[in-house]
Amino acid sequence: VTATNKAGSNSISFSLFVQYLAVNPIQVTGFPTVQLTCSAHSYPAVTSMTWTPAQSTTITTTTGDGYQFTSSSVITVPSDCAQTYQCTVVQSILQSETQIQKTALACGVGLGSITNVMVSQSGVVSWNALSGAIGYLVYVNKGTESAYIVNVTSATMTTVATSCSTSIVIQVQAYSLTAFSNLSSPVTLTTKCAPVVKPVGTTSAFVEWTSGDNTSSFVISYQIYGMGDSQAMMAGPISCTGRCNYTLTGLTPGSTYTITVIGGTSGQPVTSALQAYVGKGLDDVTGLVATPSVNTALLKWNAVANANGYLVYVNQTSAGASFIVSTSSVTFTVAISCGLPYTFAVQAYNDGGFSNVSPPFKLNSCETSCALCGPPPSPTLPEGVIIGVVVIGVLVLVASVFCGLGVWYACTSNSKDKGDVRSVTSIEDVPPITTI
């Protein structure tokens with residue numbers, strides 16, 4: 001401020017200093033990795049910010065118009081903190097005077113405790129709402145290697161992952177901008193597996209179930225579907241705990257069975273009435289043939305009674321790429337490469353099981369080499385083509401023809417065994433070659 005007398009000959013100058021410090025409540029952010037932020041507005045800038053208990057931190061300071069400073073210090077704490085964190089802010093002013101303000105966050109104070117935590121078999125977790133909470137942390141297997149946290153901000157219910165016959169421990173904690181609730185009491189969920197029943201072959205059925213908490217002895221009641229209870233048969237007693245299984249044998253092919261697992265001591269059903277269809281027996285596949293053409297082979301076989309479908313095995317017993325395909329038809333076209341040998345087999349199946357795999361049908365490299373090769377060098381047979389050559393111990397057969405459509409087909413067959421001749425098939429306009 002400058003003052004000047006009327007004559008303008010003298011002036012007096014002095015400065016007006018205004019100092020202030022305002023510390024904000026500690027803010028809670030960053031779930032599930034929880035951060036506490038201590039912040040203050042001041043002039044001049046604060047000198048230090050320290051935490052109790054002691055924490056490693058740095059101060060970040062920004063300025064607005066040159067006369068207001070904003071300072072902050074951020075620390076990371078466990079999300080289930082069980083103590084009070086205090087932030088002390090120090091500001092030095094003129095004549096080495098200081099101003100000190102403190103702010104604190106008392107974890108577990110102000111929100112109370114979560115109650116009535118429930119977990120269903122499907123993994124749905126619910127709990128009572130707490131007044132003042134802005135969100136909830138759901139801890140799964142806290143303190144273990146498989147632990148994880150679900151942050152829920154808009155409800156008092158969530159779903160966690162479950163696994164068959166596996167136990168998980170659930171705890172819930174509420175939070176606000178300034179505090180956490182206490183952790184809820186742990187709730188343990190052991191997920192029960194659904195019972196399983198499936199046919200095995202044509203006269204057996206596999207049954208699997210989970211034993212109850214106080215049950216370790218069982219019997220299995222089974223009967224053909226639709227028959228009265230007087231026709232029910234019993235298997236057991238079966239002693240087991242945890243995940244149990246048993247295979248029923250001597251069943252009638254082509255029948256549907258009603259199967260129930262019963263506690264051997266209580267006499268009460270452990271499972272609902274389950275149903276299993278035991279399929280009829282299957283004859284083996286017969287009549288399999290493979291007819292090659294350009295880049296494909298057409299497979300055909302005889303139908304099998306009671307079959308729902310067929311598995312086609314390609315190159316399962318020979319070198320080269322192998323695979324299996326399923327079809328409901330008695331024909332199948334498979335892609336092949338020219339000049340390579342192939343092995344095919346077929347197996348029938350239905351709800352009760354599988355037939356034996358058929359004898360293999362093979363195509364040799366000669367039979368698959370009769371493929372589109374392009375036009376010959378001239379419209380006549382190439383000079384020197386040998387129609388038949390007999391060499392001691394070796395028979396080499398070569399047949400070539402240039403078709404009117406400009407298609408060049410060639411097929412060869414070799415044998416090192418004297419007297420063993422492999423026929424050459426599907427050579428257009430060339431009569432069969434016989435042994436000399």
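Reader: Is Cys87 buried or exposed in this structure, and what is the reason for calling it one or the other?

Author: The general idea is to compare the relative accessible area of a residue with a cut-off, and buried means under 20%. In this predicted model, Cys87 has a relative accessibility of 0%, and therefore counts as buried. Cys38 is likewise assigned a relative accessible area of 0%, so it is buried.

Reader: With which residue does Cys87 form a disulfide, and how far apart are the sulfur atoms?

Author: A disulfide is read from the distance between two cysteine sulfur atoms, which has to be within 2.5 Å. Here Cys87 is joined to Cys38, with the sulfur atoms 2.1 Å apart. The link ties together distant parts of the chain, since Cys38 sits in strand 5 (residues 34-43) and Cys87 in strand 9 (residues 84-92), with the two positions 49 residues apart in the numbering.

Reader: Why is the disulfide of Cys38 and Cys87 left-handed?

Author: The handedness is read from the torsion about the S-S bond, which for Cys38 and Cys87 is about -80 degrees, so this disulfide is left-handed.

Reader: How many disulfides does a search of the whole structure find?

Author: The search finds two. Besides the link already described, Cys240 and Cys244 form a disulfide, with their sulfur atoms 1.9 Å apart, and its angle of 110 degrees about the S-S bond makes it right-handed. Cys240 counts as buried because its relative accessibility is 17%, and Cys244 counts as buried because its value is 1%. Cys338, by contrast, counts as partly exposed because its relative accessibility is 38%.

Reader: Turning to the sheets, what is the order of the strands in the open sheet of four strands, and which strands stand at the edges?

Author: A sheet is read by following which strand pairs with which, and in this open sheet the order is 14-13-16-17, with antiparallel pairing. Strand 14 (148-152) and strand 17 stand at the edges with a single partner strand each, so one side of each is left without a neighbour in the sheet. From one strand to the next, the twist averages 25 degrees. Strand 16 and strand 17 pair in the antiparallel sense over four bridges, and Val169 has Thr188 in strand 17 as its bridge partner.

Reader: Where does Leu177 lie relative to strand 16 and strand 17, and with which residues is it in contact?

Author: Leu177 lies in the loop between strand 16 (167-175) and strand 17 (187-190). Leaving aside neighbours within four places in sequence, Leu177 is in contact with Ile26, Gln27, Val28 and Ile134. Leu177 and Gly135 are 42 residues apart in sequence, while their C-alpha atoms are 9.6 Å apart in space. Leu177 is described as partly exposed because its relative accessible area is 43%.

Reader: Why is strand 30 largely enclosed by the rest of the structure, and with which strands does it pair?

Author: For a whole strand, one counts its buried residues, and in strand 30 (residues 342-350) eight of the nine residues are buried, so this strand is largely enclosed by the rest of the structure. Strand 27 (residues 309-314) pairs with strand 30 in the antiparallel sense over six bridges, with Val346 in strand 30 as the bridge partner of Val312. Strand 32 (residues 361-363) also pairs with strand 30 in the antiparallel sense, over three bridges, and Phe344 stands opposite Phe361 in strand 32.

Reader: What are the overall figures for the protein chain?

Author: The secondary structure comes to one helix and 35 strands, and 34% of the 436 residues count as buried. Among contacts between residues at least 6 apart in sequence, 57% join residues at least 24 apart. The accessible surface comes to about 24,100 Å², with 54% of this belonging to carbon and sulfur atoms.

Reader: Where in the protein chain is confidence lowest, and where is it highest?

Author: Where pLDDT is low, the predicted coordinates should not be read in detail. The mean pLDDT of the protein chain is 74, and 72% of the residues reach 70 or more. Confidence is lowest in strand 34 (residues 394-402), at a mean of 32, and highest in strand 26 (residues 296-300), at 92. Over residues 371-436 pLDDT stays under 50, and for this stretch the model has 84 contacts beyond four places in sequence.

How values were computed:
Residues are numbered from 1 along each chain as its sequence is written. This is a predicted model: local features need pLDDT of at least 70, side-chain atom pairs count only at pLDDT 80 or more; totals for chains, interfaces and linings use all residues. Side-chain values use heavy atoms; hydrogens and water are left out. pLDDT is the predictor's confidence in each residue, from 0 to 100. Contact means heavy atoms within 4.5 Å. Buried means under 20% relative accessible area, exposed over 50%, partly exposed in between (1.4 Å probe, protein chains only). Two strands pair if DSSP finds at least two bridges between them. Axes are lines fitted to C-alpha atoms, for helices over the stretch in contact, and angles run from 0 to 180 degrees between N-to-C directions. Accessible areas come from the Shrake-Rupley method with a 1.4 Å probe; for residues, only the protein chains shown count as cover.
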